[in-house]
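This report is meant for someone meeting the structure for the first time. Please look it over below, then read on for the places where its parts meet.

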Number of protein chains: 2
Amino acid sequence: MAAAVVVVIFTVRDGQLSVLLIERAAAPCRGQWALPGGHLLKDETLDGAAIRKLANETGITDVFLEQLYTFDRLGDGHADVVVTYFALVDLMRTRLRSDLEWRPAWHSVRTLQPLAFNNERVLDYASGRLRSKLQYTNVAYSLLPSRFTLTQMQRVYEAIMGEPVDKRNFRRRVVGLGIVRETGTTLKQGASRPAMLYEFTRHEPMTL
Amino acid sequence: MAAAVVVVIFTVRDGQLSVLLIERAAAPCRGQWALPGGHLLKDETLDGAAIRKLANETGITDVFLEQLYTFDRLGDGHADVVVTYFALVDLMRTRLRSDLEWRPAWHSVRTLQPLAFNNERVLDYASGRLRSKLQYTNVAYSLLPSRFTLTQMQRVYEAIMGEPVDKRNFRRRVVGLGIVRETGTTLKQGASRPAMLYEFTRHEPMTL
DNA sequence: CCAAAAGTGTTCTGACTACACCCATGC
DNA sequence: GCATGGGTGTAGTCAGAACACTTTTGG
């Protein structure tokens, strides 16, 4: 009986908001999918454990990662309280573990089977928080490569909000309010034509 | 070593945002002031423990009470993680415990001596969250009696925000956006003259 | 030639800001 | 009569929403 940490890791994968789940290879809930998590190591902080879990599963460290909520009664008899975190990663930077057992995989949050340990509660809470944070912060910086076109960025917003966005209004907002800036360079491989590339003016979490 | 719960209980007391503190009567940190808190009882939920603590200290139960953040390393050797909550109460409804030992008392958050267990960190975090929640929710319902004048309500907003507010703009906003409604009745004892009384349209936490 | 993505302006509306004076009552 | 608190209107600014077409390139 001790505190456990669970991390909700989001990415956007061809237009779908997706979450990293792990197939349980042991009881309880063997064979079901669950959020990555576990107990704190000796002398480890909560943030430290979350960072470690994220790095283990995706190989990434320098991304948006924030405490979400602390649950009890999540159905795992081993933990009395579960401190949850959520993280946002750019799919292109991740290298998932490829173990056959405890296999991690991305799942669209739209089409989701029931999860182990009431993890749906955690996931719903995280999705809501992500949507509301997207409205007034620059958190999306962590879901995109360092340079990107505004259309890419708009796709990310649409995937999270679940509805289409007006292109011109979107551009005005993010450029006009200084969330992103042009990054001079204008070539991109495989695109339908040359395009302006942008970068976030800040690469840290920021409340606008 | 187990989870503990701490509750930041705010009120507004003659124009000052104030917090309920308890004078510690035993080591560690004997004689210093600390936020009310303690360990979970057997089979108690986190929310349950927070409700119990709030009721113990103030006698109130049906108010705004929400989980805030989970800290570690707060300096109390007894708890590995501390799950904090914050609550908003109407001073008029509270009846503080009057024990001589472990005495509870209201302290303005402006003029505050150092607290036990790094409780300043918790209090700063709670103050910030309160300010930001006040912008886009009706949380103030819990700081006022069920019927009140708009001037009373404005005083509460000013105490929390720490700056004066334009009276006419304030009225337009809260009435126009349907946060409060007139409650017909127009008499009030001890007031300088008859006045319109208002009530919140909803008495539950609500995101606008 | 067709599909896919980049780029671009105007108009309307609703919300927020700033700002100053009168009235009734209790003391 | 004065201090306290209740009550009221206007004009300016800014952000957000709605709205459609052209260009280029790759396949």
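## Contacts with DNA strand D

In this predicted model, a polar side-chain atom of A:Asp166 lies 3.3 Å from a base nitrogen of DNA strand D, and an N or O atom in the side chain of A:Arg168 is likewise placed 3.3 Å from a base nitrogen of that strand. Chain B offers a contact of another kind, with an N or O atom in the side chain of B:Thr149 standing 2.9 Å from a phosphate oxygen of DNA strand D.

Which residues come nearest to DNA strand D? Of the 19 residues around the strand, they are A:Asn169, A:Ser192, B:Thr151, B:Lys167 and B:Met196. On the DNA side, sugar and phosphate make up 37% of the atoms of strand D that come within 4 Å of the protein.

The surface near DNA strand D draws on both chains, in that α4 (167-176) of chain A and α4 (167-176) of chain B each supply at least two of its residues. Sorted by class, this surface has 10 charged, 5 polar and 4 nonpolar residues.

## Two domains in chain A

Chain A is divided into domain 1, which covers residues 3-136, and domain 2, which covers residues 139-200. The centres of these two domains, taken over C-alpha atoms, are separated by 26 Å. Where the domains of chain A meet, 17 residues of domain 1 are in contact with 13 residues of domain 2.

Between them, domain 1 and domain 2 of chain A bury about 1400 Å², and 73% of this area is on carbon and sulfur atoms. Within domain 1, the residues that lose the most area to domain 2 are A:Val12, A:Asp90 and A:Leu134, which together account for 42% of what that side buries. As for polar interactions across this interface of chain A, the rule finds 0 salt bridges, while 3 residue pairs, both members at pLDDT 80 or more, are in polar contact.

Three elements of chain A, namely β1 (2-13), β2 (16-23) and α2 (119-136), give two or more residues to the side of domain 1 that touches domain 2. The largest share of that side, 5 residues, comes from α2(A). By class, the side of domain 1 of chain A that touches domain 2 has 9 nonpolar residues, together with 4 polar and 4 charged ones.

## Where chain B meets chain A

How many residues of chain B are in contact with chain A? There are 15 of them, and they touch 15 residues of chain A. The two chains bury about 1200 Å² between them, with 48% of that area on carbon and sulfur atoms.

Across the interface of chain B and chain A, the rule finds 7 residue pairs in polar contact, both residues of each pair at pLDDT 80 or more, whereas the number of salt bridges found there is 0. The side of chain B that touches chain A receives two or more residues from each of α1 (46-58), β5 (64-72) and β6 (79-88) of chain B. Among these elements, β5(B) provides the largest share of that side, with 5 residues. When the residues on this side of chain B are divided by class, 6 are nonpolar, 3 are polar and 6 are charged.

Note on methods
Residues numbered from 1 in each chain as written. Chains lettered and ligands numbered in written order. Predicted model: local features only at pLDDT ≥ 70, side-chain atom pairs only at ≥ 80, totals over all residues. Heavy atoms only, no water. Domains from an automatic or database assignment. Contact = heavy atoms within 4.5 Å. Buried area = accessible area lost by both parts, 1.4 Å probe. Salt bridge = Lys/Arg side-chain N within 4 Å of Asp/Glu carboxyl O. Polar contact = N/O pair within 3.5 Å; in protein donor to acceptor, adjacent residues only side chain to side chain. Helix = DSSP H or I, 4+ residues; strand = E, 2+ residues; numbered from the N terminus. Nonpolar A, V, L, I, M, F, W, Y, C, P; charged D, E, K, R; others polar. Near = heavy atom within 4 Å.
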